Amino acid sequence: MNIVISYFDPFDGKTINNSEVFAKLLKEDLAEQNVNVELCELRTVFDKAYDSLQDCIKSQSIAPDMVISLGESGCKKVTLETRGINLDKSIGPDNDGIHRDRTPVIPGAS
């Protein structure tokens, strides 16, 4: 099995993003189960992360069977997103200084 795991670079003045720590630990654990894992670091920038992930997936010599995308928020525990919401919202700015407050990801979509 081939898996791509994406994580974000540090933001908001921090030196590490917990999604990177979790991604590397998950890779180690899956390697012990003979799963091939490729990691993709994404810049914490609203309008660039998705394209970076697509480029990473396309660059793989073998198409992944699964993509796991990790991120960090204000939660104090690991949670799974169960639905997508067509709104970008951030507590502070991304690494390009952009702040969003309920901005549609895809204008006109629901």
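Okay, let's start with one residue: E20 has a relative accessibility of 13%, so E20 counts as buried. When I say buried, I mean under 20% relative accessible area; exposed is over 50%, and partly exposed is in between, using a 1.4 Å probe and protein chains only. Before I go on, this is a predicted model, where local features need pLDDT of at least 70 and side-chain atom pairs count only at pLDDT 80 or more, while totals for chains, interfaces and linings use all residues. Residues are numbered from 1 along each chain as its sequence is written, and side-chain values use heavy atoms, with hydrogens and water left out.

So where does E20 sit? You'll find E20 in helix α1, residues 18–31. Helices and strands here are DSSP runs, H or I of at least four residues for a helix and E of at least two for a strand, numbered from the N terminus. What does E20 touch, apart from neighbours within four places in sequence? The contacts are Y7, F8 and E41, where contact means heavy atoms within 4.5 Å.

E20 also has a charged partner. E20 makes a salt bridge with K24, and the closest N and O atoms are 2.7 Å apart. By salt bridge I mean a side-chain nitrogen of Lys or Arg within 4 Å of a carboxyl oxygen of Asp or Glu. Both residues are in helix α1, four residues apart, which is about one turn of the helix. K24, at 39% relative accessibility, counts as partly exposed. As a reminder, side chains of opposite charge can pair when their charged atoms come close.

How many salt bridges are there by this rule? The count is six. Let me show you two others. R43 pairs with D96, with the closest N and O atoms 3.0 Å apart. That pair links distant parts of the chain: R43 is in the loop between β2 and α2, D96 is in the loop between β4 (87–89) and β5 (101–104), and they are 53 residues apart. R43 is partly exposed at 38% relative accessibility, and D96 is partly exposed with a relative accessible area of 36%.

Then there's R100 with D88, where the closest N and O atoms are 2.8 Å apart. R100 lies in the loop between β4 and β5 and D88 in strand β4, so this pair ties together parts that are twelve residues apart in sequence. R100 is buried, with a relative accessible area of 13%, and D88 counts as buried at 16%. And one for the network fans: salt bridges with shared partners join R43, K48 and D96 into one network.

While we're at D88, look at V105. V105 is in the segment after β5 and is partly exposed, with a relative accessible area of 45%. Leaving out residues up to four places away in sequence, V105 touches N86, L87 and D88. V105 and N86 are 19 residues apart in sequence, but C-alpha to C-alpha they are 5.3 Å apart in space.

Now the sheet. Three strands form an open sheet in the order β2-β1-β3, with parallel pairing. The edge strands are β2 and β3 (66–69), each pairing on one side only. From one strand to the next, the twist averages 20°. Two strands pair if DSSP finds at least two bridges between them; β1 and β3, which run parallel, are joined by four. For example, V4 has V67 in β3 as its bridge partner.

What lies across this sheet? α1 lies across β1, β2 and β3, at about 160° to β1. α2 lies across β1, β2 and β3 too, at about 150° to β2. Axes here are lines fitted to C-alpha atoms, for helices over the stretch in contact, and angles run from 0 to 180 degrees between N-to-C directions.

Which residues make up the largest nonpolar core? There are eight: I3, I5, Y7, A23, L30, V35, V37 and L70. β1 (2–8) and α1 each supply at least two of them, and the largest share, three residues, comes from β1. The core rule takes buried Ala, Val, Leu, Ile, Met, Phe, Trp, Tyr and Cys residues joined through side-chain atoms within 4.5 Å. A23, for one, is in contact with I5, Y7, L39 and L70, setting aside neighbours within four places in sequence.

Last, the cysteines. A search of the whole structure turns up one disulfide, meaning a pair of cysteine sulfur atoms within 2.5 Å. C40 is joined to C56, S to S 1.5 Å. C40 lies in strand β2 (residues 36–42) and C56 in helix α2 (residues 49–58), so the pair ties together parts 16 residues apart in sequence. Both C40 and C56 are buried.
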